[in-house]
Amino acid sequence: MVNTDFERIYLNQQRLVGRLRIADSGLGWKASSHQQQQNGQAPQQQQPFLLPREEIILATWSRGLKGYELRVQTKNKGVIVLDGFHVDDFNQLKQELTRNFHISLEHEEHSLRGWNWGKTDLAKNELVFNVNNKPAFEIPYDNISNSNLTGKNEVAIEFNLSDGKTIDKLGDEIVEMRFYVPGTTVELETNTTKKTIKNEDGKEEEKEDEEEKRKSEENMADNNAESMEQNAAQVFYEQLKDKADIGQIAGEAIVSFSDALFLTPRGRYDIDMYSTSLRLRGKTYDYKIQYEQIERIFSLPKPDEVHHLIIIQIDPPLRQGQTRYPFLVLQFARDEETELELNLSDEEFDAKYKNRLKKTYDAPTYIVMAHCLRGLTEKKLFTPGSFQSRFLQPGLSCSLKASEGYLYPLDRCFLFVTKPTLYIPYSEISNVVMSRTGGGVSASRTFDLEINIVGSTQKHVFGSIDREEQDNIERFCKEKGVKVKNEEKIAKQRLAKALEQEAAMDEDDDDGDVDMGSAGEDDSEEDDDFKSGSDSDVAEEFDSDAESSASDSEDGGSTAGDGDDRPPKKKAKN
């Protein structure tokens, strides 16, 4: 049989272009060798894609991203999208599909109205959004990772993202879509009676009683049947969940934990761990987390000496409405024991998990959980480092704004739990400032730890830390190469320096009297520069009889010079 090839075809919106071959055995696609060398793909990513003819159900032709596309509906492999055809390829492609697979290629036109309201059709392999009885877009179920009710009439759908093991998609990717589903639906409940009769072989069979069926239909016509109203968004969510197999994974779980307490997001969830992902099943939300999403796993004892915490950092984070949860925080009682056996055959366990897991566990629950997470995800498990508080605990009680929690100084980072959970690597810290705020008795018992981030004005202030832990934190930060600024010590040094300067000034004052100039000389000493005149000088200036006094002194100068210093007697007034 002659094979037909089509060049420059894209498979499932991947970046690589390749060749499509149609044969009587099925479809085959292979990336071009030049494109593979240029992109440097790994060998396992260069394997050709093969689709047996038994899997093909139907095919449609429509406009696509790179021209025209062929959408192939399969039995077990979802929807296969082949893009990049020319408009002239339609007739040849239709002929080949009819000749080899006995299916007809249907031409499908998309709605170009641009409306954002329409009707949804949950088909076998994809969700179709129809506008005016024409498809506006399709969402393959394989691309849906999670679906949740974010409101009374709103359903959110989250999509799978490209990981490092698959070829990147072409262009940007949508990560979430929301549907507003108003109104309610009515589910009719009818009671039918079945009769047991014997067939020709003598076997008993159950058949509906025709009389009862007719009466039931009459009751429905008279609106006497029992009815139950349901929220339309809830019905759509449940149907989509069943179609997309959200909450279900092919195969059985390797290990399961029931009713685990999550502090973030708050609630209790059943945890099912599979070979490549884990499933969280709660009363309201279900989540599927690929192991590639998990970045770090922490196992830390709580300083209350009663509980143990396991923190899982994931990217992209989980979402509940507008709230994102990049950290999952689980809490276990230290005295809670778990005994279980992995759901694996001996051959599979020896081949894949012998060096990572144990076949059976009988230990505290938090130890079993941490060991299973580390073994299945193959990620490093972070435990407490060398830091110890004065109570010999790896964490400190403190507060972040209005939230109380615990700060863990680990070997490579600061970790604050529980809400909000903060991960601060030492490599991103500019400096650490220790200060005391407020007044009164509390200021002398606690201090604040301010962490500044490199190249940013962002800072995290952890308050109400026991003051006796200050030396431990300062010493630990210096050992990790983190710059520490202790404002309290700086203030004490400044105060001590000021007191020393004041004391030095007092010593200089005690060494000798201060020079006060002529004010300190003896009052009895005469001033040679100043000589006072006689009383006659005063008289000359102020006394009206100054002239007569002067003449008298001149006349009696001989007698006055004999030693009589008494002033002359005043003349009697007439």
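Reader: How many aromatic pairs does the count come to?

Author: The model is a predicted one. Rings pair if their centres lie within 6.5 Å. By this rule, the number of aromatic pairs is 17.

Reader: Is the pair formed by the rings of Trp115 and Trp117 stacked or edge-to-face?

Author: Planes under 30 degrees apart count as stacked, and those over 60 as edge-to-face. The ring centres of Trp115 and Trp117 are 5.0 Å apart and their planes meet at 10°, so this pair is stacked.

Reader: Which of these two residues is exposed, and which is partly exposed?

Author: Exposed means over 50% relative accessible area, and partly exposed lies between 20% and that value. Trp115, at 36%, is therefore partly exposed. With a relative accessible area of 54%, the exposed residue is Trp117.

Reader: Which residue lies over the face of Tyr68?

Author: Tyr68 belongs to one aromatic cluster together with Phe6, Trp61, Phe85 and Phe90. Tyr68 is also among the 25 residues of a nonpolar core that lies apart from the largest one. At 4.9 Å from the ring centre, the residue over the face of Tyr68 is Arg63.

Reader: Which helix gives the largest share of the largest nonpolar core?

Author: This core has 40 residues, of which Met273, Leu280 and Ile310 touch the most other members. Seven residues of the core, its largest share, come from residues 365-377, which form helix H6.

Reader: With which residues is Leu280 in contact, leaving aside its neighbours within four places in sequence?

Author: Contact means heavy atoms within 4.5 Å. With those neighbours set aside, the contacts of Leu280 are Phe262, Tyr269, Asp270, Ile271, Tyr285, Asp286, Tyr287, Ile289, Leu318 and Leu328.

Methods
Residues numbered from 1 in each chain as written. Predicted model: local features only at pLDDT ≥ 70, side-chain atom pairs only at ≥ 80, totals over all residues. Heavy atoms only, no water. Phe/Tyr/Trp six-rings, centres within 6.5 Å; stacked < 30°, edge-to-face > 60°. Buried < 20%, exposed > 50% of the residue type's maximum accessible area, 1.4 Å probe, protein only. Lys NZ or Arg CZ within 6 Å of the ring centre and 35° of its normal. Core = buried A, V, L, I, M, F, W, Y, C linked by side-chain atoms within 4.5 Å. Helix = DSSP H or I, 4+ residues; strand = E, 2+ residues; numbered from the N terminus.
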